[in-house]
Amino acid sequence: MLEIRNLRFAYRERTVLRNVSFVVSPGEVVSIVGANGAGKTTLLKVLSTLAMPDGGNVIFDGHDAFSDQLKYRRSLGYLPETPALYEDMSVSEYLHYRASIKGEMDKRIRRRVEEASEMCRVRDFMKTPIRKLSWGMKKRVQLADAMLLRPRVLLLDDFLAGLDCTMRAAAGEILHTVAAFSSVIVTGHDLEDMAAWTTRFLILKDGIIEAEVPTAGVETSALKTRIDGLIKGSLK
């Protein structure tokens with residue numbers, strides 16, 4: 001289980017996160033939404049240990065993630081907003097290399113790469129140099145990278161941005177598979193697409209989680225209307 005307690009973060013004098021608290025259990029896919037600049041990307045950077053908080057705790061399996069960052073990172077998969085890849089490598093070379101530096105045993109690397117590439121539908125491009133791929137395909141490769149070691153915590157920043165219709169349609173299936181062994185946190189703006197596979201929405205506003213909206217039994221149109229209202233401040 002991943003528990004975020006009173007997380008705070010500021011850029012110089014600008015407070016971005018002031019008291020963020022929530023819990024994500026294994027098997028959940030939780031989507032964090034909010035207006036542009038609400039702090040969604042910053043929150044995922046903190047949760048991935050790429051940025052250190054000014055206060056609060058991230059508790060994973062009962063332990064402080066920041067007190068043993070190496071151990072926590074071994075259980076973590078992270079897809080940043082913008083793909084950052086080794087452009088001169090082929091897809092296969094890149095995924096094998098990434099599995100290796102993440103500490104996977106040599107005898108398991110091939111199977112891990114096959115599983116992740118199949119799930120993210122990049123197997124037809126394994127011999128292609130990454131520099132020749134479209135932006136959306138690069139994002140698929142980085143998603144495969146994030147899933148290589150079957151992470152127990154998966155963080156996906158603006159997950160759907162740049163993905164084609166095929167991958168958008170497959171998103172629910174992919175996340176359902178991953179949630180079998182992981183706590184998943186997603187950020188984004190595509191409420192209608194996200195509603196199909198999200199367990200619950202968390203609305204990030206003014207540096208805190210202002211509201212929680214479960215998706216079970218709620219029609220997509222009604223869900224979108226409520227979340228839009230919460231983000232814009234027309235609902236409480």
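Start by selecting Arg12, which sits in the loop between strand S1 (2-11) and strand S2 (14-24). Helices (H or I, at least four residues) and strands (E, at least two) are DSSP runs here, numbered from the N terminus. One thing before you click on: this is a predicted model, where local features need pLDDT of at least 70, side-chain atom pairs count only at pLDDT 80 or more, and totals for chains, interfaces and linings use all residues. Residues are numbered from 1 along each chain as its sequence is written, and side-chain values use heavy atoms, with hydrogens and water left out.

**Stop 1: two loop residues with positive phi**

Still on Arg12? Its phi is positive, about 55 degrees, although Arg12 is not a glycine. Most residues other than glycine have a negative phi. Is Arg12 buried or exposed? Arg12 is exposed, with a relative accessible area of 86%. (Buried means under 20% relative accessible area, exposed over 50%, partly exposed in between, using a 1.4 Å probe and protein chains only.)

Now jump to Asp206, in the loop between strand S9 (200-205) and S10. Asp206 isn't a glycine either, and has a positive phi of about 55 degrees. At 54% relative accessibility, Asp206 counts as exposed.

**Stop 2: Thr215**

Follow the chain through strand S10 (208-214) and pick Thr215, in the loop before helix H8 (220-232). Thr215 is buried, with a relative accessible area of 12%. Show its side chain: a polar atom there lies 2.6 Å from the backbone oxygen of Thr198. Skip the neighbours within four places in sequence, and Thr215 is in contact (heavy atoms within 4.5 Å) with Thr198, Thr199, Arg200, Phe201 and Leu223.

**Stop 3: Ser90 and helix H3**

Select Ser90, in the loop between strand S6 (76-79) and H3. Ser90 counts as buried, at 11% relative accessibility. Leaving out residues within four places in sequence, Ser90 is in contact with Met126, Lys127, Thr128, Pro129 and Ile130. If you like, draw a distance to Leu43: the two C-alpha atoms are separated by 31 Å, with these positions 47 residues apart along the chain.

Next, colour H3. Which of its residues are buried? They are Val91, Tyr94, Leu95 and Ala99. Look down the axis of H3 and these buried residues fall within an arc of 130 degrees, so they line one face of the helix. (The arc is that of the directions from the helix axis to the C-beta atoms.) H4 and H5 are among the elements that cover them. Just after H3, Gly103 takes a positive phi of about 95 degrees.

**Stop 4: Glu104**

Glu104 lies in the loop between helix H3 (91-101) and H4. Glu104 is buried, with a relative accessible area of 11%. Its side chain makes a polar contact with the side chain of Arg112, at 2.8 Å. (A polar contact is a pair of N or O atoms within 3.5 Å; within protein, one must be able to donate a hydrogen and the other to accept it, and residues adjacent in sequence count only if both atoms are side-chain atoms.) Not counting residues up to four places away in sequence, Glu104 touches Ala99, Ile109, Arg112 and Leu149.

**Stop 5: helix H4**

Arg112 takes you into H4, where Ile109, Arg112, Val113, Ala116 and Ser117 are buried. They cover an arc of only 120 degrees around the axis, which puts them on the same side of H4. That buried set packs against H3 and H5. Flip the view: Lys107 and Arg110, on the other side of H4, are exposed. Just after H4, Arg121 takes a positive phi of about 60 degrees.

**Stop 6: the cysteines**

How many disulfides does the structure hold? The count is 0 (a disulfide is a pair of cysteine sulfur atoms within 2.5 Å). Cys120 is in no disulfide, and the nearest cysteine sulfur, that of Cys165, is 18 Å away. Cys120 counts as buried, at 0% relative accessibility, while Cys165 is exposed, with a relative accessible area of 68%.

**Last stop: helix H6**

Finish on H6, which has a kink of about 40 degrees centred on Ala171. (The bend at a residue is the angle between axes fitted to the seven residues ending there and the seven starting there.) Its buried residues are Met167, Ala170, Ala171, Ile174, Leu175, Val178 and Ala179. Show what covers them, including strand S3 (29-33), helix H4 (106-119), helix H5 (135-146), strand S7 (153-156) and strand S8 (183-187).
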